[in-house]
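The exercises below are meant to be worked with the sequence and the 3D view side by side. Try each task before reading the solution that follows.

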Amino acid sequence: MKKKENQFPQFGLCLNNEGYAASFEVGKVYRVIQDDEAASHGYIRVIDESGEDYTYTANRFHLIQLPATVEKALLAVFQA
């Protein structure tokens with residue numbers, strides 16, 4: 001199996017949407033964008049329900065690695 005060049009999880013499962021009910025649904029998977037500066041402060045950059053990316057506290061999400069076929073399918077949906 002070929003190793004991915006970028007091992008950063010590209011998706012996060014929402015665990016807590018308190019204060020952001022319009023932006024996220026608990027249990028839903030969201031696209032995560034690597035942002036080392038945000039991560040250094042305890043945040044992650046997520047594309048929310050508005051389709052825009054913003055930083056949110058990292059503890060609101062569980063970063064997940066998906067099988068390549070699932071990741072490819074989800075990326076196609078998110079980019080459509």
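Which residue of S4 does Tyr43 stand opposite?

**Solution.** The model is a predicted one, and the pairing can be read from its strands. Strand S3 covers residues 43-47 and strand S4 covers residues 53-57, and the two pair in the antiparallel sense over 5 bridges. Tyr43 stands opposite Thr57 in S4, and in the ladder that these strands form, Ile44 has Tyr56 as its bridge partner. The connection between S3 and S4 is a hairpin with 5 residues between the strands, and Gly51 in this turn has a positive phi of about 90°.

**Exercise 1.** Place the hairpin within the whole chain, and describe the chain as a whole.

**Solution.** Begin with the elements: the chain has 2 helices and 5 strands, and along the sequence they follow the pattern β-β-α-β-β-β-α. Next, look at the other partner of S3, which is S2; these strands run antiparallel and are joined by 2 bridges, with Ile33 having Arg45 as its bridge partner in S3. Then turn to the totals: of the 80 residues in the chain, 28% are buried, and the accessible surface comes to about 5,500 Å², with 54% of it belonging to carbon and sulfur atoms. Finally, among contacts between residues at least 6 apart in sequence, 45% join residues at least 24 apart.

**Exercise 2.** Determine which residues of S3 belong to its covered face and which of them enter the largest nonpolar core.

**Solution.** Sort the strand by its faces: Ile44 and Val46 form the covered face of S3, whereas Tyr43, Arg45 and Ile47 form the uncovered one. Compare this with the largest nonpolar core, which is made up of 8 residues, namely Cys14, Phe24, Tyr30, Val32, Ile44, Val46, Tyr56 and Phe61. The elements that give two or more residues to this core are S2 and S3. Ile44 and Val46 are thus found both on the covered face and in the core.

**Exercise 3.** Work out how the aromatic residues are arranged around Phe24, and why the pair of Phe24 and Phe61 ties together separate parts of the chain.

**Solution.** The count of aromatic pairs comes to 5. In one of them, the ring centres of Phe24 and Tyr30 lie 4.9 Å apart with the planes at 90°, so this pair is edge-to-face. The rings of Phe24 and Phe61 also have their centres 4.9 Å apart, and with their planes at 80° the pair is likewise edge-to-face. Because Phe24 lies in the loop between strand S1 (11-14) and S2 while Phe61 is in strand S5 (residues 61-64), the pair ties together parts that are 37 residues apart in sequence. As for burial, Phe24 and Tyr30 are both buried, and Phe61 is buried as well. Widening the view, Tyr20, Phe24, Tyr30, Tyr56 and Phe61 form one aromatic cluster. Beyond residues up to four places away in sequence, Phe61 touches several others, including Leu13, Leu15, Ile44 and Val46.

**Exercise 4.** Describe how Asn17 is linked to Phe24 and to Arg60.

**Solution.** Locate Asn17 in the loop between S1 and S2. Its side chain reaches the backbone oxygen of Phe24 at 2.9 Å. Leaving out residues up to four places away in sequence, Asn17 touches Phe24, Glu25, Val26 and Arg60. For Arg60, the distance along the chain is 43 residues, yet the C-alpha atoms of Asn17 and Arg60 are separated by 6.9 Å.

**Exercise 5.** Decide whether Asp35 counts as buried or exposed, and find what its side chain reaches.

**Solution.** Asp35 sits in the loop between strand S2 (29-33) and helix H1 (36-39). Its relative accessibility is 18%, and because buried means under 20%, Asp35 counts as buried. The side chain of Asp35 reaches the backbone nitrogen of Ala38 at 2.9 Å. Apart from neighbours within four places in sequence, Asp35 is in contact with Arg45 and Thr55. Of these, Arg45 has already appeared on the uncovered face of S3 and as the bridge partner of Ile33.

Key: Residues numbered from 1 in each chain as written. Predicted model: local features only at pLDDT ≥ 70, side-chain atom pairs only at ≥ 80, totals over all residues. Heavy atoms only, no water. Helix = DSSP H or I, 4+ residues; strand = E, 2+ residues; numbered from the N terminus. Buried < 20%, exposed > 50% of the residue type's maximum accessible area, 1.4 Å probe, protein only. Polar contact = N/O pair within 3.5 Å; in protein donor to acceptor, adjacent residues only side chain to side chain. Contact = heavy atoms within 4.5 Å. Pairing = 2+ DSSP bridges. Areas by Shrake-Rupley, 256 points an atom, 1.4 Å probe, with all protein chains shown as cover. Phe/Tyr/Trp six-rings, centres within 6.5 Å; stacked < 30°, edge-to-face > 60°. Core = buried A, V, L, I, M, F, W, Y, C linked by side-chain atoms within 4.5 Å.
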